[in-house]
Amino acid sequence: MKEKLTIVKVGGAVVEDEAQLNQLLKDFSAIPGKKVLVHGGGRRATQVASQLGLENQMVNGRRITDKNMLQVVTMVYGGLVNKNLVARLQAHGVNALGLTGADMNVIRSHKRPPVSIKKEGTNEPCMVDFGFVGDVDSADGKMLSTLIDEGITPVMAPLTHDGQGHILNTNADTIAGEVAKALSSYYEVTLIFSFEKKGVLSNPDDDNSVIPVITRNDFKNYVEKGVISGGMIPKLDNAFNAIDGGVEKVIITLATAIDGQQGTVIMA
């Protein structure tokens with residue numbers, strides 16, 4: 001019988017909210033057994049870029065990462081945010097180790113080619129080059145499990161590499177899903193996407209309108225009706241992708257409610 005492993009992904013909005021972050025780290029530290037933390041940090045990267053006089057270019061909520069922005073996200077994600085989380089987890093008695101995908105070759109990716117997308121608010125397609133953004137090719141569950149079995153808690157930054165010496169900015173939800181799939185061969189994995197809402201909402205203006213369970217058919221119907229839209233669509237895509245890849249359970253919930261008993265449960 002496989003041991004249980006909990007993977008928690010925390011978004012940049014929570015990382016920037018001191019009260020929520022304090023509670024999340026306290027709750028994460030209290031999770032029994034083996035665990036992994038995956039973090040974002042986009043808001044901090046935006047702030048630092050602005051302070052450096054760099055333009056933040058976003059398309060449909062996704063960051064365009066040119067050479068200058070790549071330096072910023074590498075510093076912020078791999079350094080400032082990651083190491084602060086590691087230090088604070090150590091204070092909670094968690095023996096944490098900060099990692100990017102380049103460390104020990106745990107996550108390999110390729111540079112995303114230009115893609116045709118519809119601009120937000122219009123139906124007009126346009127070609128967008130997101131720059132140094134990575135789409136994941138593989139995650140090394142064996143290497144990560146070696147660390148985890150030694151009592152180490154990986155803290156994963158949203159950076160990967162292409163094997164050719166290049167760091168790539170990579171979506172943290174995607175990293176969490178790919179790591180969860182890679183580790184599902186070794187553990188019974190629960191993946192928790194934590195953010196600033198109580199779960200997937202049927203009414204975005206009502207924080208208590210949490211949808212308790214979503215199946216793939218439910219997801220399709222909710223998207224068609226416009227109940228689920230925007231950034232929640234790729235988050236749920238990642239969730240179902242993880243389920244298809246062997247992850248036992250996926251939960252989307254409030255950052256201060258990562259006990260596995262609250263939020264929206266994603267089911268095959």
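The following exercises, with worked solutions, concern helix packing and sheet topology in a predicted model.

**Exercise 1.** Determine how helix H3 is oriented relative to helix H4, and which residues make the contact.

*Solution.*
Step 1. Helix H3 spans residues 42-51 and helix H4 spans residues 67-91; the two pack at an angle of about 125 degrees, with their axes 9 Å apart.
Step 2. H3 is therefore oblique to H4, since angles over 145 degrees count as roughly antiparallel and 65 to 115 as roughly perpendicular, with the rest oblique.
Step 3. The crossing of H3 past H4 is right-handed.
Step 4. H3 contributes Gly42, Arg44, Ala45, Val48 and Ala49 to the contact, while H4 contributes Met69, Val72, Val73, Val76, Tyr77, Leu80 and Val81.
Step 5. By class, the residues of this contact comprise 10 nonpolar, one polar and one charged.

**Exercise 2.** Establish the strand order of the open sheet and identify its edge strands.

*Solution.*
Step 1. The eight strands follow the order S5-S10-S2-S1-S13-S15-S16-S14, and their pairing is mixed.
Step 2. Strand S5 (96-99) and strand S14 (213-214) each pair on one side only, and are the edge strands.
Step 3. Within the sheet, strand S1 (residues 3-10) pairs with strand S2 (residues 34-39) in the parallel sense, over six bridges. Val8 stands opposite Leu37 in S2.

**Exercise 3.** State which strands helices H4 and H6 meet, and at what angles they run.

*Solution.*
Step 1. H4 packs on the sheet and touches S2, S5 and strand S10 (153-156); the direction of H4 makes about 175 degrees with that of S5.
Step 2. Helix H6 (residues 172-183) lies across S1, S2, S10 and strand S13 (187-195), and runs at about 170 degrees to S13.

Conventions
Residues are numbered from 1 along each chain as its sequence is written. This is a predicted model: local features need pLDDT of at least 70, side-chain atom pairs count only at pLDDT 80 or more; totals for chains, interfaces and linings use all residues. Side-chain values use heavy atoms; hydrogens and water are left out. Axes are lines fitted to C-alpha atoms, for helices over the stretch in contact, and angles run from 0 to 180 degrees between N-to-C directions. Helices (H or I, at least four residues) and strands (E, at least two) are DSSP runs, numbered from the N terminus. Angles under 35 degrees count as roughly parallel, over 145 as roughly antiparallel, 65 to 115 as roughly perpendicular and the rest as oblique. A crossing is left-handed if the near helix is turned anticlockwise from the far one by less than a right angle, and right-handed if clockwise. Contact means heavy atoms within 4.5 Å. Ala, Val, Leu, Ile, Met, Phe, Trp, Tyr, Cys and Pro count as nonpolar, Asp, Glu, Lys and Arg as charged, and the others, Gly among them, as polar. Two strands pair if DSSP finds at least two bridges between them.
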